[in-house]
Amino acid sequence: MPMPVRVGYVGPSASRMLDYDQNLLWVIVLLLAFGLVMVYSATIAIPEDPHYASWSQFHFFWRDLAAIALGLGAGWVAFQFPMTFWQRWAPYLFIISLVGLFAVLIPFIGKGVNGSRRWIPLGVLNFQPSELVKLTMVLYAADFMVRKQQVKQSPTKAFGPMAAALAFIGLLLLAEPDMGAFLVIASVAMVILYLGGVNGRMFAALSVVVIGAFVLMIVLSPWRRDRIFAYLNPWAQVNAEGSAYQLAHALIAVGRGHWFGVGLGGSVEKLHYLPEPQTDFLLAIVGEELGFAGVIVLIGVFAWLTKRAFDIGRQALAADRMFSALVAQAIGVLIGGQAFINIGVNLGLLPTKGLTLPLLSYGGSATLVSLVALALLLRVDYENRVLMRGGHV
């Protein structure tokens, strides 16, 4: 007689029944481990800089490890709650994240770095509310589409509230400024609207509005305009010494890597030529040390992870669990989209944006939120498997 399946139980017997996606879990663990190695490699020469002479060569390694441990703990907790819980709390979590987005602009609360005010110091880490908004937007937009299924063809009832939410988020993020985060959040919201079956004309109208907003931001902002022109011609002297300095050195790093790289730890660009390589431009160090082969493998891994998220979403949709389906596929877009943009920036295919490489780049908030998001993806898959065995969620 088969043993009953207990929802939420992930102990030894559940593991033997493969109640979770082992391949997905191993890919996540291996990406975290590889990222930790590359962050250490990219920052090993940090004490040689007079400004950071008091720092250990393990400074970023230990901080990254702490962020991973915190993210794994938060992800484990998130996994314990059913998707019905996340659907019920989605609007409230979204509002809380917007409060954080507003709080970061208050001088005595938010912390400014390099002309941007994006962080709230919490002692153990500087938390970036825009990272949390990426995840809460996934939950809120998925819940929104489930609630609005009966009126999804109505411009005022389906299109209006989401457009207003995006406009409000855009204003707060541009005040920081953080155009890269707004790009990701807007893309995730639009993908959920599309997958949720919103009217094609409304989706096209929203696309035009979002694209127009980005064009307007670039036209009205001289420094953004400069970055676009610098991206188009990074080797011009004025660009290579100014707006495209990081991009130029990232391309030099990738070029030095050739097919199989100069060897792990052998990067020259990380020796204070490429600024802060452990964050947005970690892939350039991967390209230099592991070559074209290393970059292609990473692209393949992120492509597989994104496809797996869409497969899990389709399984949830087949079980008539629309909220879970939209969340799973939106998480795939969130992780895969950010990886696509970051890789494109590092290879000079896209304009420079302040987006990290998920699970690899140094960044406590990004790592924490990414791991919670992937825990929710694993939860959707777990509930799919329980339902396929005749259990209940």
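The following exchange goes through the fold, two helices and several loop and helix residues of a predicted model.

Colleague: Which conventions apply to the numbering and to the values?
Modeller: Residues are numbered from 1 along each chain as its sequence is written, and side-chain values use heavy atoms, with hydrogens and water left out. Because this is a predicted model, local features need pLDDT of at least 70 and side-chain atom pairs count only at pLDDT 80 or more, while totals for chains, interfaces and linings use all residues.

Colleague: How many helices and strands does the chain have?
Modeller: Helices (H or I, at least four residues) and strands (E, at least two) are taken as DSSP runs and numbered from the N terminus. On that basis the secondary structure of the chain comes to 14 helices and three strands.

Colleague: What is the radius of gyration of the chain, set against the globule rule?
Modeller: The radius is taken over C-alpha atoms, and the globule rule is 2.2 Å times the number of residues to the power 0.38. For 393 residues the rule gives 21 Å, and the chain is close to this, so it is as compact as a globular protein of that length, with a radius of gyration of 21 Å.

Colleague: What share of the contacts with a separation of 6 or more joins residues 24 or more positions apart?
Modeller: Contact here means heavy atoms within 4.5 Å. Among the contacts in the chain with a separation of 6 or more, the share from residues 24 or more positions apart is 70%.

Colleague: What percentage of the residues in the chain is buried?
Modeller: Buried means under 20% relative accessible area, exposed over 50%, and partly exposed in between, with a 1.4 Å probe and protein chains only. Of the 393 residues in the chain, the buried ones make up 50%.

Colleague: How many residues of helix 13 are buried?
Modeller: Helix 13 covers residues 322–346, and its expected span (1.5 Å times one less than its number of residues) is 36 Å, which agrees with the 36 Å between its end C-alpha atoms. Just after helix 13, Gly-348 takes a positive phi of about 75°. Helix 13 is largely enclosed by the rest of the structure, because the number of its 25 residues that are buried is 22.

Colleague: Which glycine just after helix 14 takes a positive phi?
Modeller: Helix 14 runs over residues 364–388, and its end C-alpha atoms are 36 Å apart, in agreement with the expected 36 Å. With 22 of its 25 residues buried, helix 14 is largely enclosed by the rest of the structure. The residue just after helix 14, with a positive phi of about 90°, is Gly-390.

Colleague: Is Lys-270 buried or exposed?
Modeller: Lys-270 lies in the loop between helix 11 (245–257) and helix 12 (282–318). Not counting residues up to four places away in sequence, Lys-270 touches several residues, including Ser-41, Ala-42, Pro-277 and Glu-289. Its relative accessible area is 5%, so Lys-270 is buried.

Colleague: Is His-258 buried or exposed?
Modeller: His-258 is found in the loop between helix 11 and helix 12, and has a positive phi of about 50° although it is not a glycine. With a relative accessible area of 59%, His-258 is exposed.

Colleague: What is the relative accessibility of Asp-320?
Modeller: Asp-320 sits in the loop between helix 12 and helix 13, and although it is not a glycine, it has a positive phi of about 65°. Asp-320 counts as exposed, because its relative accessibility is 71%.

Colleague: What distance separates the C-alpha atoms of Glu-48 and His-272?
Modeller: Glu-48 has its place in the loop between helix 2 (22–43) and helix 3 (59–79), where it counts as exposed at 61% relative accessibility. Along the chain Glu-48 and His-272 are 224 residues apart, whereas their C-alpha atoms are separated by 8.8 Å.

Colleague: Which residues does Val-301 contact, leaving aside its neighbours within four places in sequence?
Modeller: Val-301 lies in helix 12 and counts as partly exposed at 26% relative accessibility. From Val-301 to Asn-126, 175 residues apart in sequence, the C-alpha distance is 29 Å. Once neighbours within four places are set aside, Val-301 is in contact with Val-27 and Leu-31.
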